[in-house]
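I set out to record what can be looked up in this structure, one region at a time. The entries follow in the order in which I made them.

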Amino acid sequence: MNIPFLDNWRKRHGDQHAATLVAAVENDPEGVAELLSECELLRARAGQSGLQLDDSPESLEALDQLPPRWRGATADPEELPWLGNDAGLYLGTVIVKTVSGAAWDVWPEGKPVVRLESGREIDVVEVGGDWVATGAPELSQVYAEAAEN
């Protein structure tokens, strides 16, 4: 599985199956939310551009406005999946913290998603990957749609 946050999680909990992460969401949702919100690579890249990520909807708008240097000729192709993953987890973090009734969930294979009060699930990791690769959809637009539910 190509999800960077799992490396940190495995260091703390050992190399266990996705079922353990699913159980962790049920037993310790705050701990899992904290783990998912780390997004170290995205926070570092944003910081290099002078943007401090504060888990607000406005920070998503600011991310959307950053020049996408990671897609340029000097981009590190090995970093793109990690950055996309972090962008998705950051989007999910902002939604969970600011949209009433939103919560983290984990699909049985271990993929983190955001479940809205309406029952709709957003595959934020996929959204983040698309955003890093193409710039669309904008993170702030996905947030706005989630906030409307």
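**Entry 1: helix α3 and the loop after it**

I began with the outward side of α3, where Glu30 and Glu34 are exposed. I note at once that the model is a predicted one. I then turned to the opposite side of this helix, which spans residues 29-36, and found Val32, Leu35 and Leu36 buried. Viewed down the axis of α3, these buried residues fall within an arc of 95°, so they line one face of the helix. The spacing agrees with a general rule: an α-helix has 3.6 residues a turn, so residues three or four places apart point the same way.

I next looked up Cys39, which sits in the loop between α3 and α4 (40-48). Its phi is near 45°, a positive value in a residue that is not glycine. Is Cys39 buried or exposed? I recorded a relative accessible area of 4% for Cys39, which is under the 20% cut-off, so Cys39 counts as buried.

**Entry 2: Asp55**

I looked for another positive phi outside glycine and noted Asp55, at about 65°. Asp55 belongs to the loop between α4 and α5. With a relative accessible area of 14%, Asp55 is buried.

**Entry 3: the sheet**

I traced the strands and found 3 of them in an open sheet, ordered β1-β2-β3, with antiparallel pairing. Strands β1 (103-106) and β3 stand at the edges with a single partner strand each, so one side of each has no neighbour in the sheet.

I followed the pairing of β1 with β2 (residues 112-115), which is antiparallel and runs over 4 bridges. Ala103 has Arg115 of β2 as its bridge partner. The two strands form a hairpin with 5 residues between them, and Gly110 in the turn has a positive phi of about 100°. On β1 itself, I assigned Trp104 and Val106 to the covered face, and Ala103 and Asp105 to the uncovered one.

**Entry 4: Asp123**

I located Asp123 in the loop between β3 (121-122) and α7 (124-134). Asp123 is buried, its relative accessible area being 14%. Which residues does Asp123 touch, leaving aside those up to four places away in sequence? I listed Trp107, Lys111 and Val113. I also noted Pro112, 11 residues from Asp123 along the chain, with 7.3 Å between the two C-alpha atoms.

**Entry 5: the approach to α8, and α8 itself**

In the loop between α7 and α8 I looked up Pro137. The peptide bond from Ala136 to Pro137 is cis, with omega near -5°.

For helix α8 (residues 139-148), I listed the buried residues as Leu139, Ser140, Val142, Tyr143 and Ala146. These residues cover an arc of only 160° around the axis, which puts them on the same side of α8. What covers them? I found that the cover includes α5 (57-65), α6 (80-98), β3 and α7.

**Entry 6: the largest pocket**

I closed with the largest pocket, which holds about 200 Å³ of space. Its lining consists of Arg45, Gln48, Ser49, Leu66, Pro67, Arg69, Trp70, Thr74, Ala75, Asp76 and Glu79. I sorted the lining by residue type and obtained 4 nonpolar, 3 polar and 4 charged residues.

How values were computed. Residues are numbered from 1 along each chain as its sequence is written. This is a predicted model: local features need pLDDT of at least 70, side-chain atom pairs count only at pLDDT 80 or more; totals for chains, interfaces and linings use all residues. Side-chain values use heavy atoms; hydrogens and water are left out. On a 1 Å grid over the protein atoms alone, a cavity is a set of points where a 1.4 Å probe fits but cannot get out, and a pocket is an open set with protein on both sides within 12 Å along at least five of seven lines; lining residues have an atom within 4 Å of a point. Grid points are joined across faces, edges and corners, and a volume is the space filled by probe spheres set on the points. Ala, Val, Leu, Ile, Met, Phe, Trp, Tyr, Cys and Pro count as nonpolar, Asp, Glu, Lys and Arg as charged, and the others, Gly among them, as polar. Buried means under 20% relative accessible area, exposed over 50%, partly exposed in between (1.4 Å probe, protein chains only). Contact means heavy atoms within 4.5 Å. The arc is that of the directions from the helix axis to the C-beta atoms. Two strands pair if DSSP finds at least two bridges between them.
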